[in-house]
Amino acid sequence: MITYEELLMESDRNHLVTKEKPLPISKGRIKGNRIAIRQDLTEKEKKCVLAEELGHHYTAAGEILDQSSVSNRKQELRGRAFAYNKLVGLTGIVGAYKHGCTSITESAEYLDVTEEFLRDALSYYKGKYGHYTSMDNYVIFFEPSISVLELV
């Protein structure tokens, strides 16, 4: 699992200045080479937010706050997808299964992400892959609920 501290180091390696601030509206924001993370979040929440802001750094161009623009919404999704893949990914879903996790709560705890972040990631994967996808010797089902089947 990637830690918040490791994400802060990644941010630093990319010449980004990350600071925790009392943001009144959003959980995080990137502008130029500066990332602001709301200071009153839990470390787990900060980790999820920072992963998304790094995703925006790597995938977005310009100001994307205006979500009425189709282009901005696509860039927002790319930033979130980056975070989902970095902190969860299909390997994380299989890892939670192999670890014996039987619920969203247990899986989120195992992956060290918030339940909301994990639910959003699963929703994203369902939209991307449909009802199921396969990886190595596993089939990951997103419908009717998340489940993993190991092929023998």
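Reader: How do the residues lining the second largest pocket divide into nonpolar, polar and charged?
Author: This is a predicted model. In it, the lining has ten nonpolar residues, four polar ones and no charged residue. Asp, Glu, Lys and Arg are the residue types that count as charged, and the lining holds no charged residue.

Reader: Which residues of that lining are closest to the pocket's centre?
Author: Cys101, Ser107, Ile146, Ser147 and Val148, out of 14 lining residues. Cys, Ile and Val count as nonpolar, whereas Ser falls among the others and therefore counts as polar.

Reader: What is the volume of the second largest pocket, and which elements supply at least two lining residues each?
Author: The volume is about 210 Å³. The elements are α4 (89-98), α5 (104-111), α6 (115-129) and β6 (147-150).

Reader: What makes β6 an edge strand?
Author: β6 belongs to an open sheet of three strands in the order β4-β5-β6, with antiparallel pairing. β6 pairs on one side only, and β4 (132-135) does likewise. Those two are the edge strands. Neighbouring strands here are turned by 20° against each other on average, direction ignored.

Reader: How do you know that β4 and β5 pair?
Author: Pairing needs at least two bridges. β4 and β5 (residues 138-141) are joined by four, so they pair. The two strands run antiparallel. Met135 stands opposite Tyr138 in β5.

Reader: Which helix lies across this sheet, and at what angle to β5?
Author: Helix α4 lies across β4, β5 and β6. α4 runs at about 100° to β5.

Reader: Why is the pairing in the sheet β1-β3-β2 called mixed?
Author: Strands of a sheet can pair either parallel or antiparallel. β1 and β3 (residues 34-38) run parallel, joined by five bridges. β2 and β3 run antiparallel, joined by four bridges. Both kinds of pairing occur in this three-stranded open sheet, and that is what mixed says.

Reader: What makes β1 and β2 the edge strands of that sheet?
Author: β1 (17-21) and β2 (28-31) each pair on one side only. The twist averages 20° from one strand to the next.

Reader: Which residues of β3 stand opposite Val17, Thr18 and Arg29?
Author: Arg34 is the bridge partner of Val17. Ile35 stands opposite Thr18. Ala36 stands opposite Arg29.

Reader: Where does the positive phi fall in the hairpin of β2 and β3?
Author: At Gly32, with a value near 65°. This hairpin has two residues between its strands.

Reader: What makes β3 mostly covered?
Author: Buried means under 20% relative accessible area. Four of the five residues of β3 are buried.

Reader: Which helix packs on the sheet that holds β3?
Author: Helix α2 (residues 43-59) does. α2 touches β1, β2 and β3. The direction of α2 makes about 155° with that of β3.

Reader: Why does Thr114 count as buried?
Author: The cut-off is under 20%. Thr114 has 18% relative accessibility, so Thr114 counts as buried. Thr114 sits in the loop between α5 and α6.

Reader: What does Thr114 contact, leaving aside its neighbours within four places in sequence?
Author: Lys44, Glu45, Cys48 and Ala108. Contact means heavy atoms within 4.5 Å, and these four residues are in contact with Thr114.

How values were computed: Residues numbered from 1 in each chain as written. Predicted model: local features only at pLDDT ≥ 70, side-chain atom pairs only at ≥ 80, totals over all residues. Heavy atoms only, no water. Axes fitted to C-alpha atoms, helices over the stretch in contact; angles between N-to-C directions. 1 Å grid on protein atoms, 1.4 Å probe; cavity = no way out; pocket = protein on both sides within 12 Å on 5 of 7 lines; lining within 4 Å. Points joined across faces, edges and corners; volume = space filled by probe spheres on them. Buried < 20%, exposed > 50% of the residue type's maximum accessible area, 1.4 Å probe, protein only.
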